[in-house]
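Here is a short set of exercises, each with a worked solution. Have the sequence and the structure open beside you, and try each task before reading on.

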Amino acid sequence: MECTLCGSHNAPGSEFCGNCGSPLAPPERGVREGAPHPPAAPSSEPRGKFKLGKRAVIALSILGAVLLTVAVVFGVKSSRIRKLEERLMAAEAAGDMSESLFLNQRLYELTGDGAYRREILDIQNKEKWQQLAQETSALISSGEYDLARQNILKLAGEGEDTAAMTAELQNQLNQAIAQEAALAEAELQREREEELAKEEAQPAPKQSAPRSDLADIARNLQDKYLTSTAQKSNVRSGPGLDYPIDYSLTLGSEIYVFDTRISGNIIWLYIGDGWTSHKNFNGELYY
């Protein structure tokens, strides 16, 4: 008997196919067992047409729905990325680092692209450098030059990325130092002029005899205690107005004269740690 499912030949009288196990149909009446079957009637279905089963149709429907969902999600995501990139370009053109940092973070979350991650690190470094530069500028303005120099060295250590920033801060520091030195020199010059004017305005010292000269007065002042009669008596590093002022004596200060020097019409008194004019002590001297 021939199996109608797999076409295998089986022994006459078999109920099941020995090859595929399908039940064997009994031979038709009038047809001798083992005789060839009459040719089958032609099928009304067109040849070559494949008929899908119900499960296949369901599977294809599910696959199509999944593909459609993926396409929609991908399209939405692509649109969001495109809009974020447009905003990023505008923020970079405007120099808005805070907005640029935020947009790069969002794009990195959406794409995982390492380029956005590198840009995030670059922006964070720039913000750190700018903050340090602002602090350094404030230190220069307040006259804290040593701390400002330390910050400039830190920025210089970052390499070429901070070269322009470092050069600008160094120039600012140099200008501040030069300006401060000029102001100090102007103040010193003003004090010299005031001191000279005061010295010239002082009356000549009283003398015990009309014929006494400055040399006699200088000898008379040496090895004596004197008391300042001026509101301010400058003590200089040397016997002359060209020497810098070390400090000043106040009204009523007592000094001891170790030595004297004459310069012009001024007798300079050496008091142990500097020189001061004898004209600041006229009110207490009678000689």
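I58 is partly exposed, its relative accessible area being 45% (buried means under 20%, exposed over 50%, partly exposed in between, with a 1.4 Å probe and protein chains only). The model is predicted, so local features need pLDDT of at least 70 and side-chain atom pairs pLDDT 80 or more, while totals for chains, interfaces and linings use all residues. Residues are numbered from 1 along each chain as its sequence is written, and side-chain values use heavy atoms, leaving out hydrogens and water.

**Exercise 1. Place I58 in its element and its surface patch.**

Step 1: I58 lies in helix α1 (residues 54-94). Helices (H or I, at least four residues) and strands (E, at least two) are DSSP runs, numbered from the N terminus.

Step 2: Together with I62, V66 and V70, I58 forms a nonpolar surface patch of about 350 Å² accessible area. Patch members have over 30% relative accessible area and no salt bridge; nonpolar side chains (Val, Leu, Ile, Met, Phe, Trp, Tyr) are joined within 5 Å, like charges within 9 Å. The areas come from the Shrake-Rupley method with a 1.4 Å probe, and for residues only the protein chains shown count as cover.

**Exercise 2. Give the order of the elements along the chain.**

Step 1: Count 6 helices and 7 strands.

Step 2: From the N terminus on, the order is α-α-α-α-α-α-β-β-β-β-β-β-β.

Step 3: Of the 287 residues in the chain, 27% are buried.

**Exercise 3. Find the buried and exposed residues of α4.**

Step 1: Helix α4 (residues 145-156) has 12 residues and spans 16 Å from first to last C-alpha, close to the 16 Å expected. The expected span is 1.5 Å times one less than the number of residues.

Step 2: Y145, A148, N151, I152 and L155 are the buried residues of α4. They lie on the same side of α4, because they cover an arc of only 120 degrees around the axis, taken from the directions from the axis to the C-beta atoms.

Step 3: On the face turned away from the buried side sit the exposed residues D146, L153 and K154.

**Exercise 4. Trace the pairing around β6.**

Step 1: Strand β6 (residues 266-270) has 4 of its 5 residues buried.

Step 2: Strand β5 (residues 259-263) pairs with β6 in the antiparallel sense over 5 bridges, where pairing requires at least two DSSP bridges between the strands. D259 has Y270 as its bridge partner in β6. The β5-β6 hairpin has 2 residues between its strands, and G264 in the turn has a positive phi of about 65 degrees.

Step 3: Strand β7 (residues 275-277) pairs with β6, again antiparallel, over 3 bridges. L269 stands opposite T276 in β7. This hairpin has 4 residues between the strands, and G272 takes a positive phi near 105 degrees.

**Exercise 5. Compare the settings of two salt bridges.**

Step 1: A salt bridge is a side-chain nitrogen of Lys or Arg within 4 Å of a carboxyl oxygen of Asp or Glu. By this rule the count is 7.

Step 2: E99 and R87 meet in one, at 2.8 Å, N to O. The pair links distant parts of the chain, with E99 in helix α2 (residues 97-111) and R87 in helix α1, 12 residues apart.

Step 3: E194 and R190 meet in another, at 2.3 Å, N to O. These two are about one helical turn apart, because they are 4 residues apart in helix α5 (residues 163-201).
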